[in-house]
Amino acid sequence: MKQIWAPWRLEYIKNKKEAGCVFCACVRKKNKKEALILAQEPLSFVILNKYPYTCGHLMVIPLRHVPTLEDLSSEEGLEIFLVIQQVMKILKKVFKPQGFNVGVNVGRAAGAGIEGHVHFHIVPRWSGDSNFMPVIGKTRVLPASLQKIYDQLFPHFQK
Ligand SMILES: [Zn+2]
């Protein structure tokens with residue numbers, strides 16, 4: 001994938017030594033909006049990436065804390081695949097991306113930020129978005145708009 005300029009990811013890289021698993025901690029939070037969780041399924045959940053590459057960068061994550069794809073049961077694998085399809089439909093409707101990157105990084109060498117808990121990225125893409133927010137510099141642009149994006153998407157996850 002083409003490199004995307006996302007300065008707030010620096011903060012993420014600095015903070016990533018946080019103790020415990022951030023995904024498991026999110027699931028335990030009572031306030032789903034604060035946790036940025038859009039949907040919880042029987043075996044998995046959908047969450048907004050706090051350090052997004054683009055607007056609407058979501059992740060689908062098994063509830064079980066397992067490090068890699070082979071650890072997932074068939075039921076988990078199937079549910080996650082169906083949820084990814086659902087997420088893509090919703091993102092298409094709401095943000096009208098021109099493409100997607102969908103994928104998993106397994107292991108630090110592959111760029112996994114949180115190694116212990118496998119997660120599937122769904123990154124909506126637009127032509128020219130590799131220049132996404134190029135000049136904003138130090139400010140992390142998204143915190144305020146993360147809640148806004150959450151509010152935009154949330155209704156679509158209510159069945
Ligand atoms: Zn975990």
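Two people talk through how the labels on this predicted model are earned.

Colleague: How many helices and strands does the protein chain have, and in what order do they run?

Modeller: There are 4 helices and 5 strands. From the N terminus they run α-α-β-β-β-α-β-β-α.

Colleague: Why is Leu36 called buried?

Modeller: Leu36 has 20 C-beta neighbours inside 10 Å. The cut-off for buried is 20 or more. Leu36 therefore counts as buried. Its place is in the loop between α2 (22–28) and β1 (37–40).

Colleague: What makes Lys96 exposed?

Modeller: Lys96 has 9 other C-beta atoms within 10 Å. Exposed means 12 or fewer, so Lys96 is exposed. Lys96 lies in the loop between α3 (74–95) and β4 (99–103).

Colleague: And Lys159, buried or exposed?

Modeller: Exposed, with 5 C-beta neighbours inside 10 Å. The limit is 12 or fewer. Lys159 is found in the segment after α4 (142–157). The C-alpha atoms of Lys159 and Ala39 are separated by 9.9 Å, although the two residues are 120 apart along the chain.

Colleague: What is notable about phi in Leu36 and Lys96?

Modeller: Phi is positive in both, and neither is glycine. The value is near 65 degrees for Leu36. For Lys96, which follows α3, it is near 50 degrees. Most residues other than glycine have a negative phi.

Colleague: How do you know that β1 and β2 pair?

Modeller: Pairing takes at least two bridges. β1 and β2 (residues 44–48) have 3, in the antiparallel sense. One bridge sets Ile37 against Ile47. Another sets Gln40 against Phe45. A hairpin of 3 residues joins the two strands.

Colleague: Which other strand pairs pass that test?

Modeller: Among them, β2 and β3 run antiparallel, joined by 5 bridges. Val46 has Val60 as its bridge partner in β3. β4 and β5 (residues 120–125) also pair in the antiparallel sense, over 5 bridges. There Val102 stands opposite Ile122.

Colleague: What is the strand order in the sheet, and why are β1 and β4 called edges?

Modeller: The 5 strands form an open sheet in the order β1-β2-β3-β5-β4, with antiparallel pairing. β1 and β4 each have a single partner strand, so one side of each is left without a neighbour in the sheet. The twist from one strand to the next averages 15 degrees.

Colleague: What makes β2 mostly covered?

Modeller: Of its 5 residues, 5 are buried. In a regular strand the side chains alternate between the two faces of the sheet. On one side of β2 sit Ser44, Val46 and Leu48; on the other, Phe45 and Ile47. Both faces are covered.

Colleague: Which residues does Ile47 contact, leaving aside its neighbours within four places in sequence?

Modeller: Cys26, Leu36, Ile37, Leu38, Leu58, Met59 and Ile61. A contact here means C-beta atoms within 7 Å.

Colleague: How do you know that the span of α3 is close to the expected one?

Modeller: α3 has 22 residues and reaches 31 Å from its first C-alpha to its last. At 1.5 Å a residue, 32 Å is expected. The two values are close.

Colleague: What makes one face of α3 the buried one?

Modeller: Its buried residues are Glu76, Ile80, Val83, Ile84, Val87, Ile90 and Leu91. Seen down the axis, they fall within an arc of 135 degrees, so they line one face of the helix. The face turned away carries exposed residues, including Ser74, Gln85 and Lys93.

Colleague: Where does α3 lie relative to the strands?

Modeller: Across β2, β3 (58–62), β4 and β5. α3 runs at about 20 degrees to β5.

Colleague: What makes up the largest nonpolar core?

Modeller: That core has 27 residues. Val46, Ile47, Val60, Val87 and Ile122 have the most contacts inside it. β1, β2, β3, α3, β5 and α4 each give two or more residues. The largest share, 6 residues, comes from α3.

Colleague: What are the figures for the whole chain?

Modeller: Buried residues make up 25% of the 159. Of the contacts with a separation of 6 or more, 68% join residues 24 or more positions apart.

How values were computed: Residues numbered from 1 in each chain as written. Predicted model: local features only at pLDDT ≥ 70, side-chain atom pairs only at ≥ 80, totals over all residues. Contact = placed C-beta atoms within 7 Å. Axes fitted to C-alpha atoms, helices over the stretch in contact; angles between N-to-C directions. Core = buried A, V, L, I, M, F, W, Y, C linked by C-beta atoms within 7 Å. Expected span 1.5 Å × (residues − 1). Arc of directions from axis to C-beta.
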